Amino acid sequence: MPGHSHPTLRALSRTRRAIGVRMRSPLSQQSVRCKSGPYGYTQAKALVFSKNGEPSDVLKLHTYSISPSLSSKSVLLRSLAAPINPADINTIQGSYGSQPSFTSLIGTSSPSAIPGNEGVFEVLATGDPSSPIRKGDWVIPAVPQFGTWRTHAVAELGDILKIDKEGLNATQAATISVNPSTAYRILRAYGPTTGISTGLGVRPLEVGSGEWFIQNGANSGVGRAAIQLGKLWGLRSINVIRERSSGEATETLRRELVSLGADIVVTETQLLSREWRDQLAEITNKGREQIGLGLNCVGGKSATAIARSLSEGATLVSYGGMARQPVALPVGLLIFKDIRFVGFWLSRWNQQDVTGRRHMIDYIVSLIREGKFQDVPLDEVPWNWDTDTSTLIDQVQGGLQGFRKGKGIFVFGDT
């Protein structure tokens with residue numbers, strides 16, 4: 001009848017509106033295309049790899065569709081930001097301690113995996129209207145090898161963790177679950193021995209005590225987090241950095257770390273020099289102030305020098321090996337100084353203490369919101385629907401280079 005549209009045409013009109021709906025981006029406040037809705041599939045893209053190797057050789061950008069049908073225990077997510085961490089690159093290379101599952105669930109021609117272990121997503125839709133996670137919420141992965149280098153994802157409720165987004169921007173939210181969390185757990189769990197009578201256990205450095213810890217890689221994400229958390233908790237830190245391209249650049253970095261709360265900042269050359277023993281004695285009041293904890297993310301000679309700097313009964317925690325050199329353990333440190341050498345892997349701890357992780361994330365978020373915690377400088381990599389594949393892959397490959405202006409992080413815009 002004139003003046004009345006056919007039901008099929010009305011449905012088609014609704015479909016077009018659903019597919020063409022535009023949203024406000026929490027990152028740039030620009031219009032963002034969201035190809036999702038009750039009548040259409042979500043078009044998505046992901047970086048994938050089907051075999052291990054250098055990122056520039058094995059990464060591909062894959063386009064796929066996500067069905068609008070969601071189970072009652074799943075949600076549709078849109079990526080907001082996802083860091084490029086060294087562990088992600090090591091996973092692609094095949095040198096990381098665990099590997100993701102290779103599947104064809106997103107329609108790749110051969111079984112593939114999506115890299116990215118850290119990031120933040122916005123909830124676009126839920127399979128159950130009564131779900132505790134609602135549309136508009138922000139979530140982070142609750143499981144390892146989640147695959148964050150993609151524009152959209154469907155996730156089970158048990159695989160994500162809701163965070164309070166108030167007062168946060170997306171890049172802050174995307175970078176809380178690896179580096180700050182690693183520093184938090186090491187400082188809260190490790191330190192000097194509690195003595196033979198207690199089974200040679202260790203105790204964490206006592207909050208408010210002014211006890212010392214020493215770390216290499218102090219300019220890393222974990223290093224910067226340890227500096228700030230240590231300062232907040234009343235601990236003192238000795239921080240080792242690599243020399244920059246000039247003395248002026250090195251001094252600029254030193255001042256930057258001091259502004260974060262570092263008590264002492266020295267270069268690796270100083271740490272490895274013959275004069276270091278005397279300098280350390282001066283720092284620690286001729287050894288009367290103990291250094292009960294060391295953090296190592298470098299390995300090789302640097303790790304050995306950190307171990308030699310520790311006091312009797314201290315613990316050296318290795319959480320990385322950027323130099324790709326083994327950690328040499330002098331027998332004298334084991335026998336005569338009773339130094340403990342342990343490793344730390346955040347993924348294992350997260351799985352073993354889910355409640356503790358929830359508390360930790362909430363605590364770190366509160367510090368950021370209160371302006372008490374700063375993440376590492378970031379090198380933002382825009383990822384829009386039309387971003388070239390080579391642009392994304394080059395940024396990942398560039399993560400292997402030293403002295404970048406900041407940690408690489410994908411920032412998703414018009415996807």
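## A tour from one contact to the core

Let us start at a single residue: setting aside residues up to four places away in sequence, Glu 312 touches Gln 290 and Lys 337. Contact here means heavy atoms within 4.5 Å. Glu 312 lies in the loop between helix H10 (300-308) and strand E14 (315-318). Helices (H or I, at least four residues) and strands (E, at least two) are DSSP runs, numbered from the N terminus. Is Glu 312 buried or exposed? Glu 312 is exposed, with a relative accessible area of 59%. The cut-offs are these: buried means under 20% relative accessible area, exposed over 50%, and partly exposed in between (1.4 Å probe, protein chains only). Glu 312 and Leu 333 are 21 residues apart in sequence, and their C-alpha atoms are 8.5 Å apart in space.

This is a predicted model, in which local features need pLDDT of at least 70 and side-chain atom pairs count only at pLDDT 80 or more, while totals for chains, interfaces and linings use all residues. Residues are numbered from 1 along each chain as its sequence is written, and side-chain values use heavy atoms, with hydrogens and water left out.

### The whole chain

The chain has 14 helices and 17 strands. Of its 415 residues, 48% count as buried. The accessible surface comes to about 19500 Å², and 51% of that surface belongs to carbon and sulfur atoms; these areas come from the Shrake-Rupley method with a 1.4 Å probe, and for residues only the protein chains shown count as cover. Among contacts with a separation of 6 or more, 71% come from residues 24 or more positions apart.

### The nonpolar cores

A nonpolar core is a set of buried Ala, Val, Leu, Ile, Met, Phe, Trp, Tyr and Cys residues joined through side-chain atoms within 4.5 Å. Which residues touch the most other members of the largest core? Among its 43 residues, they are Val 120, Ile 163, Ile 186, Phe 213 and Leu 293. Helix H13 (residues 354-369) gives the largest share of this core, 6 residues. Both domain 1 (42-175 + 375-412) and domain 2 (181-348) give residues to this core, so it lies between them; the domain bounds come from an automatic or database domain assignment.

Leaving out residues up to four places away in sequence, the contacts of Val 120 include Leu 80, Trp 138, Ile 140 and Ile 163. A second, separate core has 18 residues, including Val 266, Leu 271, Leu 316 and Ile 339.

### Around helix H3

In helix H3 (residues 86-93), the residues Asp 88, Ile 89, Thr 91, Ile 92 and Gln 93 are buried. These buried residues pack against helix H2 (55-58), strand E5 (74-83) and helix H14 (389-398). After H3 comes Gly 94, with a positive phi near 90°.

Thr 91 of this helix counts as buried at 4% relative accessibility. Beyond its neighbours within four places in sequence, its contacts include Phe 49, Asn 52, Tyr 96 and Gln 145.

That last partner, Gln 145, lies in the loop between strand E7 (138-141) and strand E8 (152-156). Gln 145 is not a glycine, although its phi is positive, at about 55°. Lys 286 also has a positive phi, near 60°, and is a residue other than glycine. Its place is the loop between helix H9 (276-283) and strand E13 (291-296).

Here are four residues side by side:

| Residue | Class | Relative accessible area |
|---|---|---|
| Thr 63 | partly exposed | 42% |
| Gln 145 | partly exposed | 23% |
| Lys 286 | exposed | 67% |
| Glu 312 | exposed | 59% |

### Rings and charges

Thr 63 is found in strand E4 (residues 60-66). Not counting residues up to four places away in sequence, Thr 63 touches Ala 44, Lys 45 and Trp 385. Two of these partners meet each other: Lys 45 lies over the face of Trp 385, at 4.6 Å from the ring centre. A charge sits over a ring if NZ of Lys or CZ of Arg is within 6 Å of the ring centre and within 35 degrees of the ring normal. Likewise, the charged end of Arg 188 sits over the ring of Trp 233, 5.4 Å from its centre.

How many aromatic pairs does a search of the whole structure find? The search finds 10, where rings of Phe, Tyr and Trp (its six-membered ring) pair if their centres lie within 6.5 Å, with planes under 30 degrees apart counted as stacked, over 60 as edge-to-face and the rest as tilted. One aromatic cluster is formed by Trp 149, Trp 383, Phe 410 and Phe 412.
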